[in-house]
2 protein chains.
Amino acid sequence: MAVTIRDVAEASGVHVSTVSRAFSAPHLVNPETRTRVLAIAEDLGYRPNRAARALTTGRTHNIGLIVADIANPFFPPLIKAAQAQARLRDYHVFVADTDEDPQVEEDLIQTFTKQVDGVLLCSPRLTNRTIERLREEVPFVVVNRRAKGMPTVLMDVGRGARMAIEHLTALGHRRLALVTGPSGSWTSKEMQEAAAATSEVDVVFLGPNPPTELGGLAAATDVVASGATGVLAYNDLVAIGLIEGLAERGKEVPGDISVIGVDDIVPGRLSRPKLTTIAMPTAAAGRIAVDLLLQSVDSAATAAATMLETALIVRESTGKAHR
Amino acid sequence: MAVTIRDVAEASGVHVSTVSRAFSAPHLVNPETRTRVLAIAEDLGYRPNRAARALTTGRTHNIGLIVADIANPFFPPLIKAAQAQARLRDYHVFVADTDEDPQVEEDLIQTFTKQVDGVLLCSPRLTNRTIERLREEVPFVVVNRRAKGMPTVLMDVGRGARMAIEHLTALGHRRLALVTGPSGSWTSKEMQEAAAATSEVDVVFLGPNPPTELGGLAAATDVVASGATGVLAYNDLVAIGLIEGLAERGKEVPGDISVIGVDDIVPGRLSRPKLTTIAMPTAAAGRIAVDLLLQSVDSAATAAATMLETALIVRESTGKAHR
DNA sequence: TACTTTAGTGCAATCGTTTGTATCGCTGTC
DNA sequence: GACAGCGATACAAACGATTGCACTAAAGTA
């Protein structure tokens, strides 16, 4: 069916090994032979079979990227940065979405095994035990979650949460709400810990919630009931949904209630009011994760955790507390 | 390194072919042997090497999905539906993003070749010639673009555009603007044709624009300058950006200008004003595309085009023309 | 001239599976 | 009692590449 290396060899009157080398070890073959072989290959429309190549070399030159939810605008910048970085290193990225389902996630890792050289696990919802186990099957780098003994890229959302709380406190808010995310989420846990460590103001915890606009929309009732005047939402999507939900209940943002999101996604910059948020260095995380992964693919894995800085971006969804 | 079928064979005292059949042709092996082999395989942590399997069977049980821009909320529902449908058929979906770059797109198709059984090409920006050529390398289904001679899934955006124009006309608007998308976009072309066929009202064409919020934001100046009171935007992102841009120029929506988007993405349902839009059956498109692809993988390709219906959803961004 | 290098190429094993065919020991049939 | 039929398993040839090694001929060295 498809044209193989053998066809090229026959057409050019050389051995398959010469054709192979014409592509992957040019210095070992006579320049003339090489150009002739390449020309014929081009002519015949030869494409190396990457699966076959992977079988002998043990390298696919692919990396897998697993995210919890492709629909979450948090991920695309990370994905794009990872893709760009991989391309620089002559690698390709295959993305898959788990739909926030740990079972699907595990299944996907199994599928990726042997089809990619390593996996970028973004915001995994798996248990630590499972991650530990799967690690034997394929090298990976974990992003956005603490995982002992393996390379990890983190964003300092704890510090971000502290800055957010300080910001709200400085504006005079005395009762805050934290709208938490999914239960398996490391980010959510970090935020909760940061909030729990606050002594100056009261913080109530509301959740877990789906990390989506609808999750925020649904949380509005509880937020109003909590009596909080300042809210830190799990992410910008939740914040946007929440603001909408609050509006439906007659609460203005930031007039009645201040809201802070996390991620600094584009929609948040265009919503009204423009969202005050904790910016996450997602693109940098994607780039670094790829580098760490490729590094740990052909040398020993560095088990270090890289922590990236976050920043509070004050826009229009936070204001002075009235009281 | 990794445990292979040979290790399992040796450990269980049978031939590799028996182990292979224990997995893929259970009825050909003694039930006792089978359970023993499976147990030992489990014990050893054996995972079939899918690349090796693909080499002999010619089936990877993967499908590739190529989109122009993962960050565009239009795609996730399509991707998720495709993934779900593929899972039903025991297939996995690998997603890749072209960043709207035809060169990257072609490159990705090459990479997918032999690593997937077929490719879903969503909103491709390639030329027809190139698509035609690449078709020989790997079967694919084209989504959201007309492509002769190969299976195609389309959404009737032309009819949607006509409904949108009728809606605006009925509201009394007499001068409309069409904010077009990228030049390679089939959707954009369809909309332009539909608009050009309108005789009742004036339509000015503004573009091409990037299919993003920023594209819409930037188009606001031209829209104001055009004197149009009704606008059909290339998609919801553009519409949202446009509404923001109009606001910055003191134009209220729908008070001064009515805006209609395309896609019916979630952010549009939560923005203020809630967006009037043309809903695209993206999830259905994803499902159908997967079925068509798998169908054309193991039988002859049906070159038919499937056209799915769109619907106008009237929300708050359109209103009566004042004059 | 004889010997070592070296460049260029061919040979064949290998990667981990699948799968068509051969083998073998039974059972059942006439 | 010879043989067909069959269930269960082994053998070996693929699949499409890569790669260590062997070989040849020409070039370099003393």
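**View 1. Helix 8 and helix 9 of chain A are oblique to each other in this predicted model.** Helix 8 of chain A, which covers residues 157-170, packs with helix 9 of chain A, residues 186-196, at an angle of about 45°, and their axes are 8 Å apart. Since angles under 35 degrees count as roughly parallel and those from 65 to 115 as roughly perpendicular, the two helices are therefore described as oblique. The crossing that helix 8 of chain A makes with helix 9 of chain A is right-handed.

**View 2. The contact of helix 8 with helix 9 in chain A, residue by residue.** From helix 8 of chain A come A:V157, A:G158, A:A161, A:R162 and A:I165, and these meet A:W186, A:T187, A:E190, A:M191, A:A194 and A:A195 of helix 9 of chain A. Sorted by class, the contact of helix 8 of chain A with helix 9 of chain A has 7 nonpolar, 2 polar and 2 charged residues.

**View 3. The cis peptide bonds at A:P208 and A:P254.** Most peptide bonds are trans. The bond from A:G207 to A:P208, however, is cis, with omega near 0°, and A:P208 is placed in the loop between strand 7 (202-206) and helix 10 (213-226) of chain A. The bond from A:V253 to A:P254 is cis as well, with omega near 5°, and A:P254 lies in the loop that runs between helix 11 (236-248) and strand 9 (258-263) of chain A.

**View 4. The positive phi of B:D99.** Most residues other than glycine have a negative phi. B:D99 is not a glycine, and yet its phi is positive, at about 60°. The residue B:D99 is found in the loop between strand 2 (92-97) and helix 6 (102-112) of chain B.

**View 5. The fold of chain A as a setting for the details above.** Chain A holds 13 helices and 12 strands. With a radius of gyration of 25 Å, well over the 20 Å that the globule rule gives for 323 residues, chain A is more spread out than a compact globule. Along its principal axes, the C-alpha trace of chain A spans about 90 × 35 × 30 Å.

**View 6. The interface where chain A and chain B meet.** A turn of 180°, with a shift of 0.0 Å along the axis, lays chain B on chain A with an RMSD of 0.1 Å. The two copies are thus related as by a two-fold rotation axis. Of the interface residues of chain B, 100% are also interface residues in chain A, so the copies meet through the same surface.

Note on methods: Residues are numbered from 1 along each chain as its sequence is written. Chains are lettered from A and ligands numbered from 1 in the order in which they are written. This is a predicted model: local features need pLDDT of at least 70, side-chain atom pairs count only at pLDDT 80 or more; totals for chains, interfaces and linings use all residues. Side-chain values use heavy atoms; hydrogens and water are left out. Copies are superposed by least squares on the C-alpha atoms of residues with pLDDT of at least 70 in both. Contact means heavy atoms within 4.5 Å. Axes are lines fitted to C-alpha atoms, for helices over the stretch in contact, and angles run from 0 to 180 degrees between N-to-C directions. Helices (H or I, at least four residues) and strands (E, at least two) are DSSP runs, numbered from the N terminus. Angles under 35 degrees count as roughly parallel, over 145 as roughly antiparallel, 65 to 115 as roughly perpendicular and the rest as oblique. A crossing is left-handed if the near helix is turned anticlockwise from the far one by less than a right angle, and right-handed if clockwise. Ala, Val, Leu, Ile, Met, Phe, Trp, Tyr, Cys and Pro count as nonpolar, Asp, Glu, Lys and Arg as charged, and the others, Gly among them, as polar. The radius of gyration is taken over C-alpha atoms; the globule rule is 2.2 Å times the number of residues to the power 0.38.
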